[in-house]
Amino acid sequence: MAFRKAVFMTVGLFDERLDVGAAGCSGDSEYWYRVLAAGWRCRYEPSAVVFHHHRRTFDALAQQILAYMRGHVAALLVQFERSGHWGNLRRALLVLPARYVLRWAGRLVRRRRDSDGLLRQEVRGWLAGVVFYLRAKRPSEGIR
């Protein structure tokens with residue numbers, strides 16, 4: 001990612017509650033949300049190459065899913081806190097839990113599917129995201 005200095009002056013800095021060492025991830029997504037909400041445009045560069053570390057075991061993938069969900073839910077709550085856009089709160093507290101209930105109910109009716117293999121980690125991550133947000137210290141100066 002690269003940003004013009006004016007973006008930071010207008011939108012503020014990254015939220016220190018999110019990403020590595022905190023919620024686990026989604027600091028970049030939350031920041032992009034603010035950038036777009038402030039009327040800036042994003043440019044996608046398809047020729048750019050990014051290398052990511054891929055998990056080699058199912059247990060490592062399960063931990064990654066938990067961290068992703070924790071960060072995603074925390075970011076949704078941060079976005080609602082900043083913007084007041086009810087869609088963020090609705091997704092975090094209604095849509096995602098309803099999705100999990102339907103998937104769990106579906107498991108009772110039919111046999112387990114491969115897509116359900118990480119459902120427990122997703123639910124744990126969702127709960128961890130809510131708890132993390134409620135316990136996290138509010139951001140310092142420079143973050144709008």
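The lining of the largest pocket in this predicted model is made up, by class, of 12 nonpolar, 1 polar and 4 charged residues. In total 17 residues line this pocket, and those that lie nearest its centre are Ala-2, Trp-32, Cys-42, Arg-43 and Tyr-44. The volume of the largest pocket comes to about 650 Å³.

From the pocket we can turn to the protein as a whole, whose secondary structure consists of 5 helices and 0 strands, so that reading along the sequence gives the pattern α-α-α-α-α. The C-alpha trace spans about 55 × 35 × 25 Å along its principal axes. A good way to follow the arrangement is to take helix 3, which covers residues 58-83, and to look in turn at its contacts with helix 2, helix 4 and helix 5.

Helix 2, which covers residues 27-37, has an axis that comes within 9 Å of the axis of helix 3, and the two cross at roughly 30°. Because angles under 35 degrees count as roughly parallel, helix 2 is described as roughly parallel to helix 3. The crossing of these two helices is right-handed. On the side of helix 2 the contact involves Ser-29, Glu-30, Tyr-33 and Arg-34, which meet Ala-75, Val-78, Gln-79, Arg-82 and Ser-83 in helix 3. Sorted by class, this contact has 3 nonpolar, 3 polar and 3 charged residues.

Helix 4, made of residues 86-109, has an axis that comes within 6 Å of that of helix 3, with a crossing angle of roughly 150°. Since angles over 145 degrees count as roughly antiparallel, helix 3 is roughly antiparallel to helix 4. Among the residues that make this contact are Met-69, His-72, Val-73 and Leu-76 of helix 3, together with Trp-86, Asn-88, Leu-89 and Arg-91 of helix 4. The residues of the contact between helix 3 and helix 4 divide into 10 nonpolar, 4 polar and 1 charged.

The remaining contact to follow is that with helix 5, residues 119-135, where the axes of helix 3 and helix 5 come within 7 Å and cross at roughly 40°, which makes helix 3 oblique to helix 5. This crossing, too, is right-handed. The residues of helix 3 that take part include Ala-62, Gln-63, Ile-65 and Leu-66, and those of helix 5 include Gln-121, Glu-122, Arg-124 and Gly-125. By class, the contact of helix 3 with helix 5 has 13 nonpolar, 4 polar and 4 charged residues.

Notes
Residues numbered from 1 in each chain as written. Predicted model: local features only at pLDDT ≥ 70, side-chain atom pairs only at ≥ 80, totals over all residues. Heavy atoms only, no water. Axes fitted to C-alpha atoms, helices over the stretch in contact; angles between N-to-C directions. Helix = DSSP H or I, 4+ residues; strand = E, 2+ residues; numbered from the N terminus. Parallel < 35°, antiparallel > 145°, perpendicular 65-115°, else oblique. Left-handed = near helix turned anticlockwise from the far one by under 90°. Contact = heavy atoms within 4.5 Å. Nonpolar A, V, L, I, M, F, W, Y, C, P; charged D, E, K, R; others polar. 1 Å grid on protein atoms, 1.4 Å probe; cavity = no way out; pocket = protein on both sides within 12 Å on 5 of 7 lines; lining within 4 Å. Points joined across faces, edges and corners; volume = space filled by probe spheres on them.
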